[in-house]
Amino acid sequence: MSFFSRNVGTLDRAVRISAGVLLIALAAMESIGAWGYLGVVPLVTGVFGNCPAYSLLGFSTCAPRTH
C-alpha cells in the first residue's frame, strides 16, 4: 500500500468533511475557541481521501477493489 494512495472510504470521507467544516465554523464564530481550527485536519484528509495515520497502520475504509 502506497503512503499516498486513497485509503478513506465514502462514508468516512463524508463524516470527516462534515466534522471539519463544523469545527472550523464553530471556531470562526468563537464558540469553541481556536482549537476548532484543528478541523482543517479531518477536512483535508476527507477531501483528498488519504489519511497518513491509516497508511502508517495499514488500515483502509475503502471498499475492496474487484478486477
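Is Cys 62 counted as buried, partly exposed or exposed? At 26% relative accessibility, Cys 62 counts as partly exposed. The model is a predicted one. The points below cover the cysteines, the aromatic pair, the packing of helices α1 and α2, and several individual residues.

**Cysteines**

- The count of disulfides comes to 0.
- The cysteine sulfur closest to that of Cys 51 belongs to Cys 62 and lies 11 Å away, too far for a bond.
- A disulfide needs the two sulfur atoms within 2.5 Å, and the 11 Å between Cys 51 and Cys 62 is therefore too far for a bond.
- Cys 62 is likewise in no disulfide, with the sulfur of Cys 51 as its nearest cysteine sulfur.
- Cys 51 counts as buried, with a relative accessibility of 9%, whereas Cys 62 is partly exposed at 26%.

**Aromatic pair and the charge over Tyr 54**

- One search covered the whole structure and found 1 aromatic pair.
- The partners are Tyr 54 and Phe 59, whose ring centres are 4.9 Å apart and whose planes meet at 80 degrees.
- Planes over 60 degrees apart count as edge-to-face, so the 80 degrees between Tyr 54 and Phe 59 puts this pair in the edge-to-face class.
- Tyr 54 counts as buried at 17% relative accessibility, while Phe 59 is partly exposed at 41%.
- Arg 16 is placed over the face of the Tyr 54 ring, 5.0 Å from the ring centre.

**Helices α1 and α2**

- Helix α1 spans residues 10–28 and helix α2 spans residues 40–48.
- Their axes come within 7 Å and cross at roughly 145 degrees.
- The crossing of α1 with α2 is left-handed.
- From α1, the contact is made by Arg 13, Arg 16, Ile 17, Gly 20, Val 21 and Ile 24.
- From α2, the contact is made by Val 40, Pro 42, Leu 43, Thr 45, Gly 46, Val 47 and Phe 48.

**Arg 16**

- Arg 16 is part of helix α1 and counts as buried, with 14% relative accessibility.
- Setting aside neighbours within four places in sequence, Arg 16 contacts Pro 42, Leu 43, Thr 45 and Gly 46, among others.
- The contacts of Arg 16 also include Val 8, Cys 51 and Tyr 54.
- Pro 42, Leu 43, Thr 45 and Gly 46 are also among the α2 residues that make the contact between α1 and α2.

**The segment before α1**

- Val 8 lies in the segment before α1 and counts as buried at 1% relative accessibility.
- Beyond its neighbours within four places in sequence, Val 8 is in contact with Arg 13, Arg 16, Thr 45, Gly 49, Asn 50, Cys 51, Tyr 54, Thr 61 and Cys 62.
- Both cysteines discussed above, Cys 51 and Cys 62, are thus included in the contacts of Val 8.
- Val 8 and Ala 63 are 55 residues apart in sequence, and their C-alpha atoms are 9.3 Å apart in space.
- Ser 5 is also in the segment before α1 and counts as partly exposed, with 26% relative accessibility.
- With neighbours within four places in sequence left aside, Ser 5 contacts Gly 49 and Asn 50.
- Gly 49 and Asn 50 also appear among the contacts of Val 8.
- Ser 5 is 34 residues along the chain from Gly 39, with 22 Å between the two C-alpha atoms.

**Exposed residues**

- Glu 30 sits in the loop between α1 and α2 and is exposed, with a relative accessible area of 70%.
- Glu 30 has a positive phi of about 60 degrees, although it is not a glycine.
- Leu 57 belongs to helix α3, which covers residues 52–57.
- Leu 57 counts as exposed at 71% relative accessibility.
- From C-alpha to C-alpha, Leu 57 is 31 Å from Gly 33, and the two are 24 residues apart in sequence.

Note on methods:
Residues are numbered from 1 along each chain as its sequence is written. This is a predicted model: local features need pLDDT of at least 70, side-chain atom pairs count only at pLDDT 80 or more; totals for chains, interfaces and linings use all residues. Side-chain values use heavy atoms; hydrogens and water are left out. Rings of Phe, Tyr and Trp (its six-membered ring) pair if their centres lie within 6.5 Å; planes under 30 degrees apart count as stacked, over 60 as edge-to-face and the rest as tilted. Buried means under 20% relative accessible area, exposed over 50%, partly exposed in between (1.4 Å probe, protein chains only). A charge sits over a ring if NZ of Lys or CZ of Arg is within 6 Å of the ring centre and within 35 degrees of the ring normal. Helices (H or I, at least four residues) and strands (E, at least two) are DSSP runs, numbered from the N terminus. Axes are lines fitted to C-alpha atoms, for helices over the stretch in contact, and angles run from 0 to 180 degrees between N-to-C directions. A crossing is left-handed if the near helix is turned anticlockwise from the far one by less than a right angle, and right-handed if clockwise. Contact means heavy atoms within 4.5 Å.
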